[in-house]
Amino acid sequence: MTLLKPSVGKALGWASLGALVVLALFGLWGAPPDRVQSDAQRLMYLHVPAAWIAYLAFIVTAVGSALWLWKRTRSPVWDRVAGASAELGVLFTGLTLLLGSLWGRPVWGVWWAWDARLVTTAVLFFLYLGYLALRRVPGTPEARARRSAIAALIAFADVPIVHFSVTWWRTLHQKATVFDPELKAHIHGVMAFTLWWGVLAFTLLYVYLLDRRYRLECLEEGFEERELQRAIDERVSGAPNDPRVEVGAAR
Amino acid sequence: MNLAQEAGLVAGKDLRIEARSRVTVQQILPFGLVVLLLFAFALDPDRGVLRRVAPGLFWVTVLLAALLAVSRSSSVEAENGARDGLRLSGLDPAAIFLGKAAAIAVELLVLEALLAAGVAILFDVSLGSIGVLLLTAVLATAGIAATGTLYGVLVASSGARETLVPVLLLPVVSPVLLGATRAWEAAIDGVPSDAWAWVGVLAIFAVLYTAIGTLAFGPLLEEA
């Protein structure tokens with residue numbers, strides 16, 4: 001029923017909670033304020049890990065979908081993993097955009113800039129939002145898994161094209177000044193540690209949430225099956241076909 | 001019969017339905033022209049804004065019209081159990097995909113020709129470098145038709161409402177809008193050499209999604 005053993009899942013939950021607390025302590029107090037951006041830069045300790053998880057989640061969705069489509073590895077496990085991971089991906093992409101926007105306001109002076117990375121991330125968000133909408137359309141588990149897997153791969157194949165065309169488009173007109181790789185080299189030790197710690201904490205959180213979402217998906221499927229069976233039993237036993245009648249009352 | 005002949009049969013069928021029902025000419029084309037008119041209302045035509053952004057407006061209009069063409073293409077199959085007939089016909093699913101995509105592409109190219117004339121007249125744009133414009137239009141249209149056909153059957157097979165098509169299709173074809181707009185801008189500004197890179201992007205997009213479509217259409221049609 002679960003991806004991980006329940007005890008492992010629980011331990012992972014506590015570990016990610018602990019890691020997030022440590023991240024908060026380091027992010028808010030441990031790391032020194034940035035020389036240029038001062039305290040606004042602290043948002044990066046959440047923004048960068050969130051972006052990393054978003055990409056990781058979409059890669060997992062693509063791999064899960066491919067494994068489902070490949071006949072030898074076909075299993076409902078991969079469909080559930082793909083769906084659960086896409087949901088987390090959309091969540092973390094949204095979080096990345098939101099945090100980036102909050103950071104951009106004091107540092108760039110605007111909520112949104114037509115920077116290549118921002119545009120790519122926004123397109124990514126809508127690509128997978130569509131995928132999630134498609135997943136919600138009911139159908140037999142097999143049919144739903146097949147069309148979801150194909151849709152996931154269609155979306156995934158688009159990511160490099162979107163990325164390159166958008167990068168090309170924006171750099172044809174303006175030089176990237178904000179994401180200068182030279183500036184990144186002069187990162188303070190504690191700041192670098194906090195950033196990497198954030199990536200670790202978010203990765204733990206991602207695996208934990210993926211496991212929980214997977215379990216929820218299993219429960220939902222079981223629930224649907226039971227409801228269907230109940231409706232069939234009711235019809236067979238000749239109970240009145242009225243949803244308002246409680247099963248308990250009929251007994 | 002080989003693949004091309006089978007695809008030709010399917011495309012011929014869709015275009016024949018189109019020629020008789022005239023949905024493209026009587027409904028989708030007027031829609032496109034009204035959108036062009038609305039752009040003129042939204043952006044003051046006196047300030048030269050329209051002329052500068054004409055390529056972008058043109059391709060946005062084409063994308064909106066493509067949404068209608070895609071939903072029309074799949075609703076044709078939904079009536080009278082036509083999809084069952086298509087499945088039982090013994091035609092190669094890859095050929096069905098290519099045929100339906102080709103039919104949409106032909107319809108869109110006709111639309112684009114008329115809309116381009118509309119843009120040239122209404123927005124006072126002189127269309128130079130016809131070769132680049134045409135090549136861009138053909139490649140962009142191939143990409144839009146391939147993804148549109150793919151998502152059309154994906155949505156139809158799931159029994160979902162057609163409101164799902166735009167939210168799936170538009171983000172995926174966003175690079176086509178970008179590439180086609182830049183290429184047209186370059187051609188209209190008289191620097192067609194700038195357009196080639198974008199033409200390349202459009203070509204990759206069209207080839208990639210035509211390939212995915214020919215592979216994926218069979219399983220999708222099966223469950224429709």
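Colleague: Happy to look at this with you! Leaving aside neighbours within four places in sequence, which residues is B:Ala183 in contact with?

Modeller: Glad to help; keep in mind that this is a predicted model. Contact here is judged on C-beta atoms, placed from the backbone, that lie within 7 Å. With neighbours within four places in sequence left aside, the partners of B:Ala183 are B:Val132, B:Thr136, B:Ala195, B:Trp198 and B:Val199.

Colleague: Nice. Which residues touch the most other members of the largest nonpolar core, and which element gives the most to this core?

Modeller: The largest nonpolar core has 122 residues. Those that touch the most other members are A:Tyr206, B:Leu108, B:Ala183 and B:Leu202. As for elements, the one that gives the most to this core, with 15 residues, is α6(B).

Colleague: Let's turn to the contact between the chains. Which element gives the largest share of the side of chain B that touches chain A?

Modeller: Chain B brings 24 residues to the contact and chain A brings 23 residues. On the side of chain B, the elements giving two or more residues are α6 (130-158), α7 (164-172), α8 (174-188) and α9 (195-223). By class, that side has 18 nonpolar, four polar and two charged residues. The largest share, nine residues, comes from α9(B).

Colleague: Thanks! Now for a helix pair: is α3(B) oblique or parallel to α6(B)?

Modeller: Helix α3 of chain B covers residues 49-78, and its axis lies 9 Å from that of α6(B). The angle between them is about 45 degrees. Angles under 35 degrees would count as roughly parallel and 65 to 115 as roughly perpendicular; therefore α3(B) is, relative to α6(B), oblique.

Colleague: And what is the handedness of the crossing where α3(B) passes α6(B)?

Modeller: From α3(B), the contact uses B:Ala66, B:Val70, B:Ser73, B:Ser74, B:Glu77 and B:Ala78. The residues from α6(B) include B:Gly148 and B:Gly152. Sorted by class, the contact has six nonpolar, five polar and one charged residues. The crossing itself is right-handed.

Colleague: One last residue, if you have a minute: is B:Ser71 buried or exposed, or partly exposed?

Modeller: B:Ser71 sits in helix α3 of chain B. Not counting residues up to four places away in sequence, B:Ser71 touches B:Glu162 and B:Val165. Burial takes 20 or more other C-beta atoms within 10 Å, and exposure 12 or fewer. B:Ser71 has 18 such atoms, so B:Ser71 is partly exposed.

How values were computed:
Residues numbered from 1 in each chain as written. Chains lettered and ligands numbered in written order. Predicted model: local features only at pLDDT ≥ 70, side-chain atom pairs only at ≥ 80, totals over all residues. Contact = placed C-beta atoms within 7 Å. Helix = DSSP H or I, 4+ residues; strand = E, 2+ residues; numbered from the N terminus. Nonpolar A, V, L, I, M, F, W, Y, C, P; charged D, E, K, R; others polar. Core = buried A, V, L, I, M, F, W, Y, C linked by C-beta atoms within 7 Å. Axes fitted to C-alpha atoms, helices over the stretch in contact; angles between N-to-C directions. Parallel < 35°, antiparallel > 145°, perpendicular 65-115°, else oblique. Left-handed = near helix turned anticlockwise from the far one by under 90°.
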